[in-house]
Amino acid sequence: MTEAINLDPLMPGYPFNAHLVAGITPIDQGGELDFWIERPSGLKGYILNLTTSGSGLVFPGSKHETRVNTGDMMLIPAGACHDYGRHPDASNWHHRWVYFRPRATWSEWLNWAQVTRNVGFMTIESRERVQLISQLFKDIDSSRKNGNMLSEELGLNLLEQILIRCREFDQQRPQAPLDNRIHRVCQFINDNLSKELSIAELSSVACMSSSRFSHLFRKQLGIPIRQWIEDQRISLARQLLLTTDLAVSQVAQYLGYQDALYFSRVFRKNLGLSPREFRKSHQ
Ligand code: FCB
């Protein structure tokens, strides 16, 4: 007997095979949607989530526990763990969401300043802005429901507008353009991901002392240099795991990890899955 496929994206087991799905999840205390949303290996696509009323709780009981209130947004990348539900203190948590596979040109918009366990968090400060974003979410939903040939294109276009708005509203991002020396180092890192990179070498590329360089890097990009390098390696690792049939040990070597086991540990720390599990979950 074949198992029935759940066609309601609000209920567990929905396969999320499409490239764009949008909806609203109105969780009320004691209601039928008042259950915990747990997807330890995440989904194949990204989720953008806006709290429209009440409060939710993300990563409960861990040091990453985060409360989200009206106007808070989350960006959950593919493969990142989903672990959230109504905050026990709140009588409801209503949130709008869009599930999507990003376009290649969106990477700049997907790189949020505040990231916890791979999930981006952002507070939209004013009511007008929350309304603007909320309206775009609604428009995606209705464009999908119209279901004509161009509705997915329209939906993606509206989604791109939300992502660009978020980038614009992202208070924690440095507003000034990137310092030329930091930009140079970022390029150097990307060209040399397979090599060992020391702070001494990177600060000499920036023509600065190590301590000034580390400080400026963090100030400009919001995270410590070591973490930035690790993020770049992990994102390349994900890409290699998904788009090539290189063995995990070859991917590790390609990224400058001499020890494949250590690479797997770092990968799991970042994505909650081993490289093998990650590849399997995307096949
Ligand atoms: C629904 C959840 C919502 C979001 C989407 C992708 O089932 O209610 O929070 O995770 O799936």
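Here is a short chat about the cores and one helix pair of this predicted model.

Mentor: Residues are numbered from 1 along each chain as its sequence is written. In this prediction local features need pLDDT of at least 70 and side-chain atom pairs count only at pLDDT 80 or more, while totals for chains, interfaces and linings use all residues, and side-chain values use heavy atoms, without hydrogens or water.

Trainee: Which element gives the largest share of the largest nonpolar core?

Mentor: Such a core joins buried (under 20% relative accessible area, 1.4 Å probe, protein chains only) Ala, Val, Leu, Ile, Met, Phe, Trp, Tyr and Cys residues through side-chain atoms within 4.5 Å. This one has 27 residues, with Leu48, Met73, Phe100, Leu159 and Ile162 among those with the most contacts inside it. Elements supplying at least two residues each include β3 (46–54), α1 (127–146) and α2 (151–169), helices being DSSP runs of H or I, at least four residues, and strands E runs of at least two. Seven residues, the largest share, come from α2.

Trainee: How do the axes of α3 and α6 lie to each other, and why?

Mentor: Lines fitted to C-alpha atoms over the stretch in contact, with angles from 0 to 180 degrees between N-to-C directions, serve as axes. Those of α3 (residues 180–191) and α6 (residues 225–243) come within 10 Å and cross at roughly 45°. Angles under 35 degrees count as roughly parallel, over 145 as roughly antiparallel and 65 to 115 as roughly perpendicular, the rest being oblique. Therefore, α3 to α6 is oblique.

Trainee: Which residues of α6 make the contact with α3?

Mentor: Contact means heavy atoms within 4.5 Å. From α3 come Cys186, Ile189 and Asn190, and from α6 come Ile225, Trp228, Ile229 and Gln232.

Methods
Buried < 20%, exposed > 50% of the residue type's maximum accessible area, 1.4 Å probe, protein only.
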